[in-house]
Amino acid sequence: MEEIIISVVQRTLVAGTPLLLGTVGEIISERSGILNLGVEGVMAVGAVTAFIVTHHTGNPWLGFCAAILAGMLISVIHAFASVSLQSNQVVSGLALTMLGLGMAGLLGKPYVGKPLAVKINAMPIPYLSDIPIVGPVLFNQSPFFYLAILLAIGVWFMLDYTLLGIRIRSAGENPKATETQGVNVSLIRYLSVIAGGGFSAMAGAHLSTSYSKSWIEGMTAGRGWIVIALTIFALWNPMRAVVGAFLFGGIFVLQYMLQPLGISPNFLAMLPYLATLLVLLVGGLRDSRRLNAPAMLAEPYRRGER
Amino acid sequence: MLHVNVSNREQISALGTFLTLVLALAAGMVAIGLLFIISGVNPFFAFKKIFSGSFGSLYGFKETITKAIPLILIGGGLALVFKAKFWNIGAESQLLMGAIFGTWVGLNWGPALPAPVIVPLMFLAGFLGGAFWGLIPAILKLRYSINEVISTLMLNYICAEFLTLLIVGPWKSPKKFGFPYTDDLPESAILSLLPGSRIHTATLIVAVVAVVVLTIVIYKTRFGYEVRVIGENPDAARYAGIDFSRTTMLIMVISGGMAGLAGVGEVAGIHHYLSYPDAISSGYGFTAIIVAWLAKLNPVYVIFSGIFFAGILVGGDAIQISLGLPAATVAVFNGTLLIFLIMGDFFTKNKVCIQVGERA
């Protein structure tokens, strides 16, 4: 029994890791006022880049770095469209998702069905992993898990307690006032979107080099969209994102646990998406005005405009 | 020193808009060419294949029109909802729901009814199916302020699984050698084709009539005016006493319903039975987003942009076969062209001057 519980919790944390990484990234971007619906596409680009680089170099960490770089690069498109050109952020984000999924499919085609020789394995933390129950659950995880937790804490601290964080948040709340303080709102928004892209790409790298070790077209399976929903669920707070991400990780694991009970696998596959709607429904019931949303989210800002 | 000055254009000319569109598409094609080079594909060869495959032969052109039918139907409906800034990304599953409803009617009532009765009934059922599935995100947004982008996408995944559940389970035909398909529709429920093609004329006529009517509705009626005001200035809409909820629900009924009609067309005109979601719709719901955008959200122009993108779909199939490229190639096209189109919008709306020297 104990072993089953440990295994379930462990797998929940693994499944929640990419969701947490993506959500923290999206929180940075949205706090600066830019809605980025490109997460799904950037995740796919990250996954395929990490896979290809790892495949050729045999070094998954090199793949990881390349994925972040690729994710940041492709996110520049969305930053340029939504910040410099003041385009509609919904459409621009969708375009980014299409492009990202398409590029990932195109570049990854020769690698379908060729599993990696190496992958990023669990990294037990000395001493801590020996603690009964808690040890194997929390301290014998993939490095991505530790990274996601550390980044969530780091971003929470950055947003709430540093000058940079104040600038990001005020760019999303009142860009005009921020500009009069001598802050370059456009630059802040560019950096936030690009950083968010790096986070999404890390989530993708986790999927293709740690969670599994092969590339399949469509392996992101809507996680990028769940991330957007989790950002709302977390009320744009990285610490709440930790809770949300692992809650959803649990739903992914539940899918596999309920399968032997004879429930239709197609019905089980609906669960994460149904849960996403449910979570937003609860949020909508709680406060219809969603008090914490950045005031200028998805509103283009042009310097000098009244 | 170089300075970039941006100012609003006072007048937006039709010619300027059109030229910007053409330039944006051309720039997009260049970018796609570069992406092809990165992926190790000769771009000239690929483009030649795409356009000769879709517009270069009579056979190809007939296929292009066949694929334009769902794009025109869905794109027209999306033009309407996008005008009100309601981001329906769920047309893909509204199409599937229409296919499910239409198939049920065809299978159950088709054997007893003649074609002139059963075909309109199937289209009606498909419209209702799509409208029902489209109404859900409208209500979720109005009642619980759930972002429609997320809800429509989640409903896409849910509907695809639901359809699969039906065809592997209760609706599975015993006559299909174990494949997860439904029975064939009865003869009377199958749409007749233009001879020598796969063009199901009934749906084509429905599609063209629908977008023409929709254009008149948008630009000539009070309802259309309300839709436009909601999109352009929601505050003004509130002060003008426009019923936001009623309008939102109505446009989603129309948009979802039109996608549902497309679903009936695909099943009754092409496949004749229900099978896997990807077989019933090859991403029409997503491609139609760009179709609507390229048409500047004017349903009548959707006819032309629909044919253009149908050509890319058909040509995309051609290069998949001849160059061994994945299905995702079409997504690269769609994404890149959409990015260049929205960038083009900026230059339609704004005057950009690059000045040399000191800022004036």
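A:Ile188 is buried, because 23 other C-beta atoms lie within 10 Å of its own and 20 or more are enough for that class. In this predicted model, A:Ile188 sits in helix H9 of chain A. Leaving aside residues up to four places away in sequence, A:Ile188 touches A:Ser32, A:Arg167, A:Ile168, A:Ala171 and A:Val183. A further relation links A:Ile188 with A:Leu164, which is 24 residues away along the chain, while the two C-alpha atoms are separated by 8.7 Å.

**Positive phi values in chain A**

Most residues other than glycine have a negative phi. Two loop residues of chain A can be read against that background. A:Ala221, which is not a glycine, has a positive phi of about 45°, and its place is the loop between helix H9 (185-211) and helix H10 (223-233) of chain A. A:Trp236, likewise a residue other than glycine, has a positive phi near 60°, and it is found in the loop between H10 and helix H11 (238-258) of chain A. As for their surroundings, A:Ala221 counts as partly exposed because it has 17 C-beta neighbours inside 10 Å, whereas A:Trp236, with 23 C-beta neighbours inside 10 Å, counts as buried.

**Burial of the individual residues**

The residues treated one by one in this report are set out below with their neighbour counts.

| Residue | C-beta neighbours within 10 Å | Class |
|---|---|---|
| A:Ile188 | 23 | buried |
| A:Ala221 | 17 | partly exposed |
| A:Trp236 | 23 | buried |
| B:Ser7 | 9 | exposed |
| B:Phe127 | 24 | buried |

**Helices H3, H5 and H10 of chain B**

Within chain B, helix H3 (residues 58-83) packs with helix H10 (residues 244-271) at an angle of about 175°, and the axes of the two helices are 8 Å apart. Since an angle over 145 degrees counts as roughly antiparallel, H3(B) is roughly antiparallel to H10(B). From H3(B), the contact is made by B:Ile69, B:Pro70, B:Leu73, B:Ile74, B:Gly76, B:Gly77, B:Leu78, B:Leu80 and B:Val81. From H10(B), the contributing residues are B:Ile251, B:Met252, B:Ile254, B:Ser255, B:Met258, B:Ala259, B:Leu261, B:Ala262, B:Gly265 and B:Glu266. Sorted by class, this contact of H3(B) with H10(B) has 14 nonpolar, 4 polar and 1 charged residues.

B:Phe127 lies in helix H5 (residues 115-144) of chain B, and it is buried, with 24 other C-beta atoms within 10 Å. Apart from residues up to four places away in sequence, B:Phe127 touches B:Gly98, B:Gly257, B:Gly260 and B:Leu261, and B:Leu261 is also one of the residues of H10(B) in the contact with H3(B). B:Ala262, another of the H10(B) residues in that contact, is 135 residues from B:Phe127 in sequence and 8.7 Å from it in space, C-alpha to C-alpha.

**Domains of chain B**

Chain B is divided into domain 1, made of 1-37 + 325-360, and domain 2, which covers 68-311. The centres of domain 1 and domain 2 of chain B, taken over C-alpha atoms, are separated by 30 Å. Their contact takes 5 residues from domain 1 of chain B and 6 residues from domain 2 of chain B, and the side of domain 1 that touches domain 2 has 4 nonpolar, 1 polar and no charged residues.

B:Ser7 has its place in strand S1 (residues 2-8) of chain B, and it counts as exposed because it has 9 C-beta neighbours inside 10 Å. When residues up to four places away in sequence are not counted, B:Ser7 touches B:Asn350 and B:Lys351. The C-alpha atom of B:Ser7 is separated by 51 Å from that of B:Gly102, and these two residues are 95 residues apart along the chain.

**Contact between the chains**

The contact between the two chains takes 38 residues from chain B and 41 residues from chain A. On the side of chain B that touches chain A, helix H6 (148-168), helix H12 (284-294) and helix H14 (329-349) of chain B each supply at least two residues, and the largest share, 12 residues, comes from H14(B). By class, this side of chain B has 26 nonpolar, 10 polar and 2 charged residues.

**Confidence of the prediction**

For chain B the mean pLDDT is 89, with 98% of its residues reaching 70 or more. The model as a whole scores ipTM 0.87 and pTM 0.88.

Definitions and conventions: Residues are numbered from 1 along each chain as its sequence is written. Chains are lettered from A and ligands numbered from 1 in the order in which they are written. This is a predicted model: local features need pLDDT of at least 70, side-chain atom pairs count only at pLDDT 80 or more; totals for chains, interfaces and linings use all residues. Axes are lines fitted to C-alpha atoms, for helices over the stretch in contact, and angles run from 0 to 180 degrees between N-to-C directions. Helices (H or I, at least four residues) and strands (E, at least two) are DSSP runs, numbered from the N terminus. Angles under 35 degrees count as roughly parallel, over 145 as roughly antiparallel, 65 to 115 as roughly perpendicular and the rest as oblique. Two residues are in contact if their C-beta atoms, placed from the backbone, lie within 7 Å. Ala, Val, Leu, Ile, Met, Phe, Trp, Tyr, Cys and Pro count as nonpolar, Asp, Glu, Lys and Arg as charged, and the others, Gly among them, as polar. Domain bounds come from an automatic or database domain assignment. pLDDT is the predictor's confidence in each residue, from 0 to 100. A residue is buried if 20 or more other C-beta atoms lie within 10 Å of its own, exposed if 12 or fewer, and partly exposed in between; C-beta atoms are placed from the backbone.
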